[in-house]
Amino acid sequence: MKIAAFLPKAYTKNVVSGNVTWKSPSNIALIKYWGKKEDQIPQNPSISFTLDACATTTKLSYKKQETTNTDFSFDLFFEGKQKDDFKPKINTFLQRIEQYLPFLKDYHFTIETSNSFPHSSGIASSASGMSALALCLLSLEKELNPAMTDEHFNQKASFLARLGSGSASRSIEGDLIVWGTHEDTVGSSDLFAIKYPYKVHEVFKNYHDTILLVDKGEKQVSSSVGHNLMHNHPFAAERFAQAHENLTKMQSVLADGDLKEFIAIVESEALTLHAMMMTSMPYFILMKPNTLEIINRIWKFRETSGSNVCFTLDAGANVHVLYPENEKDIVYPFIQNELIKFCQNEHHICDRIGFGAKKS
Ligand code: PMV
C-alpha cells in the first residue's frame, strides 16, 4: 500500500460540531523497534503485545470555525488541568498529519486526555496518547466521509498514530501486532501496523505483563534521541538484520507455543536494545541496579521452579514481567515476595494482553 491511499477524497458531509472519546492502550514490544528513517519509517519490523490496563482516554470536542484558521487552534487538558507545555508536541503531530486530514485548520479543538497509569510512573504514554488522539481525529474524518470502511479506518488510524510516535502505530488493535515490512509476514508495512496474521498457540492467550516500576523519574534518554543514536551506530546493520530473523523465528514459536524459545528471543531482544544504547556514542546505561536484581531473581526462579516467566524492558529501567495465564498462581506470589521490594514504593501495575482501542 502506498502513502497516497491515506490522502482523503472529497468529503461528503458537513460537520459543525461534536465530540468523540477513545480509550487506547499501551503496548509492549517483544521484538523491538529501535532506529528509524525519515517520516517515522522503522529500520526494522517489530511485534508487540497490546496491553489492556495501561491506557489513555482522550475526548476530542470540535467546533467548525467561521473561517479557516491560519494555524491549528486547540486547547489541551491533561487530567483536568490545562497543559500548555504538551502543546508543542501536539502541534508538531498536527503539522505532520495535516496533509492526510486537510480539515484540521477548519476547527477549534478541545483535547481532554488522561492516563490510567500515574503520570510519574516512568511508563511512556506516547503510544497510548498518540493513538488515542489519532483515533479521535479519524473519527471526525469518518463523520465527514461515512463511507470509510472499518479496515481503512484501522489502517489510517495506525498510519496517523505512527506519525506521532512509531510504537503508537501498534496500539490500535490487538492482541499481537506487527509493524514494519517483513518478507515473511504477509501484509506487513512500514506505514502502519497490522494484526499478526498467523496461527497463535493457546498459551499466548491472556498472557500477563506485570510492570515493575523501578524508576519513576523522567526518561534519561527520550526515544527520539535514542532512535537517532542508531544512525552511524557500528552495530546497526547487524541489529536490523537480527530483528528480521527474530521475527521469522518468532512465527514458529507463536504457532507451536514453544515458551523456551519465546523466552530466548524476548529476553535477547530486550538486552540487545539496551546493548545498542550502551554501545552508541554518546552511550547510556538505562538499567538501574534494581533492574539487574530483578532480572537475576527471574532467572533463578525460572531455574528452580521450571516456570516460563521472563522479562522484557523498554528504553528505561522498568521491567515488564511476562508469564502465561496458567502460571499466574506461582508467578504472581513470586513477584510479590521477591521482586516488588525492588520497585520504587513497591509500585507495580498488573496488566495483560489486550484487544485494542475502544470508542466510548
Ligand atoms: O515509539 P517510540 O519512538 O517512543 O519508540 C519506542 C521504542 C521502544 O519502546 C524502546 C521499543 C518498541 O518497539 O516499542
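Pro282 sits in the loop that runs between helix 6 and helix 7, the latter spanning 289–305. This is a predicted model, and in it the peptide bond joining Met281 to Pro282 is cis, with omega at about 0°. Another cis peptide bond links Gly174 to Asp175, and here omega is near 0°. Asp175 belongs to the loop between helix 3 and strand 8, a strand that covers 176–179.

Backbone geometry also draws attention to Gln40. This residue is not a glycine, yet its phi is positive, at about 60°. Gln40 is found in the loop between strand 2 (36–37) and strand 3 (41–42).

Next comes the ligand and what lies around it. The ligand is surrounded by 13 residues, and the closest of these are Tyr33, Ser165, Ser167, Arg170 and Ser223. Sorted by class, this shell consists of five nonpolar, six polar and two charged residues. Several polar contacts can be picked out. Tyr33, one of the closest residues, places a polar backbone atom 2.9 Å from an oxygen atom of the ligand. Gly166 also takes part through its backbone, with an N or O atom lying 3.5 Å from a ligand oxygen atom. With His227 the side chain is involved: one of its polar atoms lies 2.9 Å from an oxygen atom of the ligand. As for how much of the ligand is covered, on its own it has 380 Å² of accessible area, and the protein covers 90% of that.

The helices offer a few pairings to look at, starting with helix 5 and helix 6. Helix 5 takes in residues 236–256 and helix 6 takes in residues 259–278; the two pack at an angle of about 160°, and their axes are 10 Å apart. Since angles over 145 degrees count as roughly antiparallel, that angle makes helix 5 roughly antiparallel to helix 6. The crossing in which helix 5 passes helix 6 is left-handed. Helix 6 is also the helix that leads into the loop holding Pro282, with helix 7 on the other side of that loop.

Helix 1 turns up in two further pairings. One is with helix 3: helix 1 (residues 87–97) and helix 3 (residues 150–164) pack with their axes 9 Å apart, at an angle of about 135°. These two helices are therefore oblique to each other. Helix 1 makes a right-handed crossing as it passes helix 3. Helix 3, for its part, borders the loop where Asp175 is found.

The other pairing brings in helix 2, made up of residues 126–144; its axis and that of helix 1 come within 12 Å and cross at roughly 50°. That angle makes helix 1 oblique to helix 2. The crossing of helix 1 and helix 2 is right-handed, and a right-handed crossing is also what is found where helix 1 passes helix 3.

Definitions and conventions. Residues numbered from 1 in each chain as written. Predicted model: local features only at pLDDT ≥ 70, side-chain atom pairs only at ≥ 80, totals over all residues. Heavy atoms only, no water. Near = heavy atom within 4 Å. Polar contact = N/O pair within 3.5 Å; in protein donor to acceptor, adjacent residues only side chain to side chain. Areas by Shrake-Rupley, 256 points an atom, 1.4 Å probe, with all protein chains shown as cover. Nonpolar A, V, L, I, M, F, W, Y, C, P; charged D, E, K, R; others polar. Axes fitted to C-alpha atoms, helices over the stretch in contact; angles between N-to-C directions. Helix = DSSP H or I, 4+ residues; strand = E, 2+ residues; numbered from the N terminus. Parallel < 35°, antiparallel > 145°, perpendicular 65-115°, else oblique. Left-handed = near helix turned anticlockwise from the far one by under 90°.
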